[in-house]
Amino acid sequence: MVNSLKDLLVSDDLLVGISELSKMSGTSPRQLRYWEEKGMITSVAKDAETAAPRNYRLLTVIKVELIQGFLDEGFTLQKADEKAEKYLKKVAHIRKIFAKTIRDVEVINDRYTVFTIGDFEPNGELLAIIYDDMDEKLTYQVFDTQATIDYQQLIQKN
C-alpha cells in the first residue's frame with residue numbers, strides 16, 4: 001500500500017484528453033491550444049496507443065484549473081500563468097516531501113484519516129497526523145520509530 005501510494009505521489013501517468021480537460025476546467029479547446037502555443041501548458045506527444053489528438057498530464061490539468069481560476073478572478077493571462085507556476089512549484093515540493101517521508105495512510109470508520117510520516121531527525125521519530133472528518137479536527141502524535149501504532153487506540157485519544 002505504502003509503495004503504491006508513494007508511486008501515486010510521484011507518478012505523472014494519468015492522462016486527460018483535450019475534450020475532457022475542456023469540460024473539467026470550463027476552458028475551450030481553442031483556448032487550451034492557444035495556451036500550449038504560448039508555452040504555458042504542454043501536451044504529451046501522441047503515440048500509437050493514444051487516439052486523442054492531445055493528452056495532458058495531471059500537473060497540466062491542475063495548472064489549467066489554476067489559470068482559469070485566476071482569469072475568473074480578473075487577472076491577465078500572463079499574471080494567471082505566473083501565479084499558477086508559483087503555486088505548482090509549491091505543489092512539487094509537497095509531492096517530493098510526502099513521497100519521501102510517507103509511511104502509512106489509514107482510513108478508520110470512514111471518519112478518521114491518519115497519515116504517518118517520518119523518520120524525523122535527529123531521533124527518527126514518526127509523526128501521526130489524525131484528521132477527524134466529522135468534527136473537522138486535526139491533531140497529531142509523535143512516536144518512536146520502533147513503536148507499533150494502534151490506530152484504534154490513536155483515534156480514541158482524539
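**Sheet and helix packing in the predicted model**

Strands β3 and β4 are paired in the antiparallel sense, the pairing extending over 6 bridges. The model in which this pairing is found is a predicted one. Within the pair, V107 has T113 of β4 as its bridge partner. The hairpin formed by β3 and β4 has 3 residues between its strands, and N109 in this hairpin adopts a positive phi near 55°.

This hairpin belongs to an open sheet of 4 strands, arranged in the order β3-β4-β5-β6 with antiparallel pairing. The edges are formed by β3, residues 102-108, and β6, residues 137-143, each of which pairs on one side only. On average, neighbouring strands of the sheet are turned by 15° against each other, direction being ignored. Strands of a sheet in general pair through backbone hydrogen bonds, in either a parallel or an antiparallel arrangement. At the β6 side of the present sheet, β5, which spans residues 125-132, is joined to β6 in the antiparallel sense over 7 bridges.

The pairing of β5 with β6 places Y131 opposite L138 of β6. L138, located in strand β6, has a relative accessible area of 60% and is therefore classed as exposed, the cut-off being over 50%. When neighbours within four places in sequence are left aside, the contacts of L138 are with I129, I130 and Y131. The C-alpha atom of L138 is separated by 9.9 Å from that of V114, a residue 24 places away along the chain.

A contrasting environment is found for D132, a residue of strand β5. D132 has a relative accessible area of 5% and so counts as buried, a class defined by values under 20%. With residues up to four places away in sequence not counted, D132 touches R111, Y112 and K137.

The sheet is also covered in part by a helix. Helix α5, comprising residues 77-101, lies across β3 and β4, the latter spanning residues 112-120. The direction of α5 is at about 90° to β3.

Beyond the sheet, the protein chain contains 6 helices and 6 strands in total. Read from the N terminus, its elements follow the order α-β-α-α-β-α-α-β-β-β-β-α. The chain has 158 residues, of which 34% count as buried. Of the contacts between residues at least 6 apart in sequence, 39% join residues at least 24 apart.

Among the helices, α4 was examined in further detail. Helix α4 consists of 15 residues and extends 21 Å from its first C-alpha to its last, close to the 21 Å expected at 1.5 Å a residue. The helix is followed by G74, which has a positive phi near 105°. The buried residues of α4 are T60, V61, K63, V64, L66, I67, Q68 and F70. These buried residues pack against strands β1 (15-17) and β2 (55-57), and against helices α2, α3 (29-37) and α5.

The packing of α4 with α2 can be described geometrically. For two packed helices, the description rests on the angle between their axes and the distance between the axes. Helix α2, residues 18-25, and helix α4, residues 58-72, pack at an angle of about 35°, and their axes lie 10 Å apart. The crossing of these two helices is right-handed. From α2, the contact involves L21, M24 and S25, while α4 contributes V61, V64, E65 and Q68. By character, the residues of this contact comprise 4 nonpolar, 2 polar and 1 charged. An α-helix has 3.6 residues a turn, so that residues three or four places apart point the same way.

A further residue of helix α4 is L66. L66 counts as buried because its relative accessible area, 16%, falls under the 20% cut-off. Apart from residues up to four places away in sequence, L66 touches A84, Y87 and L88. The C-alpha of L66 lies 9.1 Å from that of E85, the two residues being 19 apart in sequence.

Technical notes. Residues are numbered from 1 along each chain as its sequence is written. This is a predicted model: local features need pLDDT of at least 70, side-chain atom pairs count only at pLDDT 80 or more; totals for chains, interfaces and linings use all residues. Side-chain values use heavy atoms; hydrogens and water are left out. Two strands pair if DSSP finds at least two bridges between them. Axes are lines fitted to C-alpha atoms, for helices over the stretch in contact, and angles run from 0 to 180 degrees between N-to-C directions. Contact means heavy atoms within 4.5 Å. A crossing is left-handed if the near helix is turned anticlockwise from the far one by less than a right angle, and right-handed if clockwise. Ala, Val, Leu, Ile, Met, Phe, Trp, Tyr, Cys and Pro count as nonpolar, Asp, Glu, Lys and Arg as charged, and the others, Gly among them, as polar. The expected span of a helix is 1.5 Å times one less than its number of residues. Buried means under 20% relative accessible area, exposed over 50%, partly exposed in between (1.4 Å probe, protein chains only).
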